[in-house]
Amino acid sequence: IVIDPDSPKSKLLGTYYGEHRAEEREVASVAELRAGAIAGGVLWGHVTGLGDQQMIEQLRDQFKLHRLA
């Protein structure tokens with residue numbers, strides 16, 4: 001991955017849906033995003049800014065995203 005040095009810093013927002021609750025919060029890392037998942041629920045990660053290469057690569061690896069996604 002080649003990151004444009006002028007890209008804004010990456011921010012990660014986690015939205016979690018379960019049968020009895022929904023929650024949305026900004027998280028500091030991919031590990032924190034995964035840790036907040038609700039058992040049997042849905043996890044939605046929203047990334048803004050592409051300035052953090054490590055975070056983008058961790059998301060790709062953790063969620064098995066295609067390199068072009």
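The exercises below, each with a worked solution, walk through a predicted model of a protein.

**Exercise 1. The overall plan**

Work out how many helices and strands the protein has, and in which order the elements run from the N terminus on.

*Solution.* Begin with the count, which comes to two helices and three strands. Then follow the chain from the N terminus on, where the elements run β-β-α-β-α. For the extent of the fold, turn to the C-alpha trace, which spans about 40 × 20 × 15 Å along its principal axes. The next step concerns the surface: the protein exposes about 5200 Å², and carbon and sulfur atoms supply 53% of that area. Of the 69 residues, 20% count as buried. Finally, consider the contacts between residues at least 6 apart in sequence, among which 54% join residues at least 24 apart.

**Exercise 2. The surroundings of serine 10**

Decide whether serine 10 is buried or exposed, and find the backbone atoms that its side chain reaches.

*Solution.* First place the residue: serine 10 lies in the segment before strand E1, which covers residues 11–17. Next take its relative accessibility, which is 6%; buried means under 20%, so serine 10 counts as buried. The third step is to list its contacts, and, leaving aside neighbours within four places in sequence, serine 10 touches Thr48, Gly49, Leu50, Gly51, Asp52, Met55 and Ile56. Two of these residues also offer backbone atoms to the serine side chain: the backbone oxygen of glycine 49 is reached at 3.0 Å, and the backbone nitrogen of glycine 51 is reached at 3.3 Å.

**Exercise 3. The buried side of helix H2**

Identify the buried residues of helix H2, explain why they can be said to share a side of the helix, and name the elements they pack against.

*Solution.* Helix H2 covers residues 53–62, and its buried residues are Met55, Ile56, Leu59 and Arg60. These residues cover an arc of only 135° around the axis, and therefore they lie on the same side of H2. From there, the buried residues pack against E1, helix H1 (30–35) and strand E3 (42–48). Two of them, Met55 and Ile56, have already appeared among the contacts of serine 10, which ties the segment before E1 to this helix.

Now look at the two ends of the helix. At the start of H2, a side-chain oxygen of aspartate 52 comes within 3.2 Å of the backbone nitrogen of glutamine 54. Just after H2, lysine 64 adopts a positive phi of about 50°.

**Exercise 4. Salt bridges**

Find how many salt bridges there are, and determine which residues are joined into one network by shared partners.

*Solution.* As a starting idea, side chains of opposite charge can pair when their charged atoms come close. The count for this model comes to three salt bridges, and they can be taken one at a time.

1. Glutamate 23 meets arginine 21 in a salt bridge, at 3.6 Å from N to O.
2. Glutamate 23 also forms a salt bridge with arginine 25, where the closest N and O atoms are 2.3 Å apart.
3. Arginine 60 and aspartate 61 meet through their side chains in a salt bridge, at 3.2 Å from N to O.

Salt bridges that share partners join Arg21, Glu23 and Arg25 into one network. To complete the picture, check how accessible each partner is. Glutamate 23 is partly exposed, at a relative accessible area of 28%, arginine 21 is partly exposed at 47%, and arginine 25 is partly exposed at 27%. In the remaining pair, arginine 60 is buried, with a relative accessible area of 15%, whereas aspartate 61 is partly exposed at 47%. Arginine 60 lies in helix H2, and, leaving aside neighbours within four places in sequence, arginine 60 is in contact with Ile1, Leu65 and Arg67.

**Exercise 5. A nonpolar patch**

Name the residues that form a nonpolar patch on the surface, and give their accessible area together.

*Solution.* The patch is formed by Tyr17, Val42 and Trp44, which together have about 350 Å² of accessible area. To examine one member, take valine 42, which is found in strand E3. Its relative accessible area is 48%, so valine 42 counts as partly exposed.

Technical notes. Residues are numbered from 1 along each chain as its sequence is written. This is a predicted model: local features need pLDDT of at least 70, side-chain atom pairs count only at pLDDT 80 or more; totals for chains, interfaces and linings use all residues. Side-chain values use heavy atoms; hydrogens and water are left out. Helices (H or I, at least four residues) and strands (E, at least two) are DSSP runs, numbered from the N terminus. Buried means under 20% relative accessible area, exposed over 50%, partly exposed in between (1.4 Å probe, protein chains only). A polar contact is a pair of N or O atoms within 3.5 Å; within protein, one must be able to donate a hydrogen and the other to accept it, and residues adjacent in sequence count only if both atoms are side-chain atoms. Contact means heavy atoms within 4.5 Å. The arc is that of the directions from the helix axis to the C-beta atoms. Patches are made of residues with over 30% relative accessible area and no salt bridge: like charges are joined within 9 Å, nonpolar side chains (Val, Leu, Ile, Met, Phe, Trp, Tyr) within 5 Å. Accessible areas come from the Shrake-Rupley method with a 1.4 Å probe; for residues, only the protein chains shown count as cover. A salt bridge is a side-chain nitrogen of Lys or Arg within 4 Å of a carboxyl oxygen of Asp or Glu.
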